[in-house]
Amino acid sequence: MSQAFEWIRLGGPTMLLLVALSVATVTIVLVKLWEFTDQRIGDRRFVARAIDSWQRGHSEQALTLLGGSPSPLADVMREAITVRADAARSDEQVREYIEAYAAEKLEGLRGLMRPLEVISQLAPLLGLLGTVLGMIQAFRQLQAAGDKVSPAILSGGLWEALLTTAGGLAVAIVALVAFNYLDRQIECLQQRMESALTALLTSGAR
């Protein structure tokens with residue numbers, strides 16, 4: 001732990017910014033994982049049974065099956081069944097409404113995803129900036145040393161400068177991996193929504 005604090009000190013202000021970004025990354029990832037788990041976005045056990053009940057004309061049974069899940073998929077399917085039963089809406093109106101409703105649900109799940117993507121792009125640049133500033137400082141020390149130049153001055157200054165690049169890459173890798181994992185979960189949910197809605201909107205009695 002003391003070594004980590006020493007590296008942060010040697011990295012200067014840029015390393016402090018990277019530490020702040022790493023804390024933000026971990027916080028966002030934990031919040032999104034909790035959100036996805038709480039809403040059970042991977043749960044699809046109810047889909048086949050609800051669609052089967054709807055196709056057999058048992059809309060109330062389908063709604064009961066969907067009511068037991070907090071999943072956005074279940075919520076969208078419930079809304080589709082409820083709206084499709086409204087004879088005042090045309091099929092086109094029903095489809096447009098449900099597509100907008102599903103898009104709104106998906107957009108809600110993408111909250112905090114944009115900052116994670118920005119961090120994955122910003123962290124390496126901050127690391128590179130810190131390295132450049134560190135190298136400038138190292139060469140200034142060489143100039144100040146005059147004729148008494150020691151290789152230790154240059155090598156020490158360079159490895160300290162490179163700390164920020166390593167830190168920036170580490171933060172960026174974690175943020176990028178987390179972003180792609182979370183984004184993939186939302187893409188899978190979107191595909192399941194499209195499949196379920198197609199089955200609901202093209203079959204069953206109104």
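Glu35 counts as buried, because its relative accessibility is 18% and the limit for that class is under 20%. This is a value from a predicted model. The partner of Glu35 is Lys32: the two form a salt bridge in which the closest N and O atoms are 2.8 Å apart. Lys32 also counts as buried, because its relative accessibility is 0%. Both residues belong to helix H1, which spans residues 2-39, and because they are three residues apart there, about one helical turn separates them.

The pair sits within an all-helical arrangement. The protein has seven helices and zero strands, and its elements, read from the N terminus, follow the order α-α-α-α-α-α-α. Of the 206 residues in the protein, 37% are buried. The accessible surface of the protein comes to about 11,900 Å², and carbon and sulfur atoms supply 62% of that area. Contacts can also be sorted by separation in sequence. Among those between residues at least 6 apart, 78% join residues at least 24 apart.

The bridge in H1 is one of seven salt bridges found in a search of the whole structure. Another one joins Asp43 and Arg45, with 3.1 Å between the closest N and O atoms. Here the two partners fall into separate accessibility classes. Asp43 is buried, with a relative accessible area of 12%, whereas Arg45 counts as exposed, at 65% relative accessibility.

Helix H4, residues 72-84, holds a further bridge. Asp75 and Arg78 are three residues apart in this helix, so about one helical turn lies between them. Their closest N and O atoms are 3.3 Å apart, and the pair forms a salt bridge. Asp75 counts as buried because its relative accessibility is 17%. Arg78, at 22%, counts as partly exposed; the boundary between the two classes is 20%. The bridge is also part of a wider set of links, since Asp75, Arg78 and Lys105 are joined in a network of salt bridges.

Next comes helix H5, which covers residues 91-109. H5 has 19 residues, and the distance from its first C-alpha to its last is 27 Å, close to the 27 Å expected at 1.5 Å a residue. Which residues of H5 are buried? They are Val94, Ile98, Tyr101, Ala102, Leu106 and Leu109. These residues cover an arc of only 135° around the axis, and therefore they lie on the same side of H5. The other side of H5 carries Glu92, Glu104 and Glu107, which are exposed. In H5, then, the buried residues lie on one side of the helix, while exposed glutamates are found on the other.

Nonpolar side chains also appear on the surface. Leu128, Leu129, Val132, Leu133 and Ile136 form a nonpolar patch there, and together they have about 440 Å² of accessible area. One of them, Leu128, is located in helix H6, which runs over residues 113-145. Leu128 counts as partly exposed because its relative accessibility is 48%. That value fits the rule for patch members, which must have over 30% relative accessible area and no salt bridge.

Terms used: Residues numbered from 1 in each chain as written. Predicted model: local features only at pLDDT ≥ 70, side-chain atom pairs only at ≥ 80, totals over all residues. Heavy atoms only, no water. Patch = residues over 30% accessible without salt bridge, like charges linked within 9 Å, V, L, I, M, F, W, Y side chains within 5 Å. Areas by Shrake-Rupley, 256 points an atom, 1.4 Å probe, with all protein chains shown as cover. Salt bridge = Lys/Arg side-chain N within 4 Å of Asp/Glu carboxyl O. Helix = DSSP H or I, 4+ residues; strand = E, 2+ residues; numbered from the N terminus. Buried < 20%, exposed > 50% of the residue type's maximum accessible area, 1.4 Å probe, protein only. Expected span 1.5 Å × (residues − 1). Arc of directions from axis to C-beta. Contact = heavy atoms within 4.5 Å.
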